[in-house]
Amino acid sequence: MRLFLFFPLLINYATSSFEVVTTKPTIQDSLIAAIIHVESRGDSMAYNAKEDAVGVLQIRPIMMREVNRLLKENKYTLDDRWSKSKSIEMFNVIKDHTTNPTNERLARNWNGGWNGYKKKSTLKYWNKVKTQL
């Protein structure tokens with residue numbers, strides 16, 4: 001088993017060996033981790049019945065449909081929202097289609113849609129995410 005830490009050290013507990021990892025997490029890796037913390041505290045089984053938002057990134061059906069629209073194919077299903085890796089893939093599709101993707105713009109758009117970065121209502125969300133960065 002391997003445990004990845006947010007500093008350049010990799011510990012393999014199965015063999016009790018240590019090795020230095022020269023890559024650091026990207027800004028987006030830190031942002032995704034912060035958003036996951038705010039959305040679900042990392043709980044892949046998180047469910048908000050009121051919004052039908054599920055998984056670590058609390059993806060609603062409209063977001064999944066938007067990702068498929070951007071990809072021009074029905075790649076993702078509603079069940080994929082429960083998967084951490086597929087949820088992160090969907091986040092990355094949104095990120096890749098965002099103009100000037102700063103951490104603030106990405107987080108506020110994740111919370112409030114394509115123009116979320118312009119909405120006063122997403123500032124509180126951004127402040128929560130920012131404290132996790």
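**Helix packing and loop geometry in the predicted model**

Helices α2 and α3 are oblique to each other. In this predicted model, the assignment follows from an interaxial angle of about 60°, because roughly parallel helices must lie under 35 degrees and the roughly perpendicular range begins at 65. The axes of α2 (residues 61-71) and α3 are 10 Å apart, and the two helices cross in a left-handed sense.

A second helix pair was examined in the same terms. Helix α4 (residues 103-112) and helix α5 (residues 123-132) cross at roughly 125°, and their axes come within 9 Å. This angle makes α4 oblique to α5, because the roughly perpendicular range ends at 115 and roughly antiparallel pairs must exceed 145 degrees. The crossing of α4 and α5 is right-handed.

These helices belong to a chain of 133 residues, of which 36% count as buried. The chain comprises 5 helices and 5 strands. Read from the N terminus, the order of elements is β-β-β-α-β-β-α-α-α-α.

Helix α3 spans residues 84-96 and contains 13 residues. The distance from its first C-alpha to its last is 18 Å, close to the 18 Å expected at 1.5 Å a residue. The buried residues of α3 are S87, M90, F91, V93, I94 and K95; the set thus includes the lysine K95.

Two loop residues were noted for their backbone torsion. Most residues other than glycine have a negative phi. R41, by contrast, has a positive phi, near 55°. R41 is located in the loop that connects α1 (27-40) to β4 (47-48). Its relative accessibility is 62%, so R41 counts as exposed, the cut-off being over 50%. N100 likewise shows a positive phi, near 50°, and is not a glycine. The loop between α3 and α4 contains N100, which is classed as exposed because its relative accessible area is 53%.

Two further loop residues are buried. G55 occupies the loop between β5 (53-54) and α2. With a relative accessibility of 0%, G55 counts as buried. The C-alpha atom of G55 is separated by 9.6 Å from that of D79, a residue 24 positions away along the chain. R81 is situated in the loop between α2 and α3, the helix pair whose axes are 10 Å apart. R81 has a relative accessibility of 5% and is therefore classed as buried, since the threshold for burial is under 20%. For R81 and M64, the C-alpha separation is 7.8 Å, while 17 residues separate the two along the chain.

Ring contacts complete the description. The charged end of R105 sits over the ring of Y117, at a distance of 3.7 Å from the ring centre. In addition, the structure contains 2 aromatic pairs.

Note on methods: Residues numbered from 1 in each chain as written. Predicted model: local features only at pLDDT ≥ 70, side-chain atom pairs only at ≥ 80, totals over all residues. Heavy atoms only, no water. Helix = DSSP H or I, 4+ residues; strand = E, 2+ residues; numbered from the N terminus. Expected span 1.5 Å × (residues − 1). Buried < 20%, exposed > 50% of the residue type's maximum accessible area, 1.4 Å probe, protein only. Phe/Tyr/Trp six-rings, centres within 6.5 Å; stacked < 30°, edge-to-face > 60°. Lys NZ or Arg CZ within 6 Å of the ring centre and 35° of its normal. Axes fitted to C-alpha atoms, helices over the stretch in contact; angles between N-to-C directions. Left-handed = near helix turned anticlockwise from the far one by under 90°.
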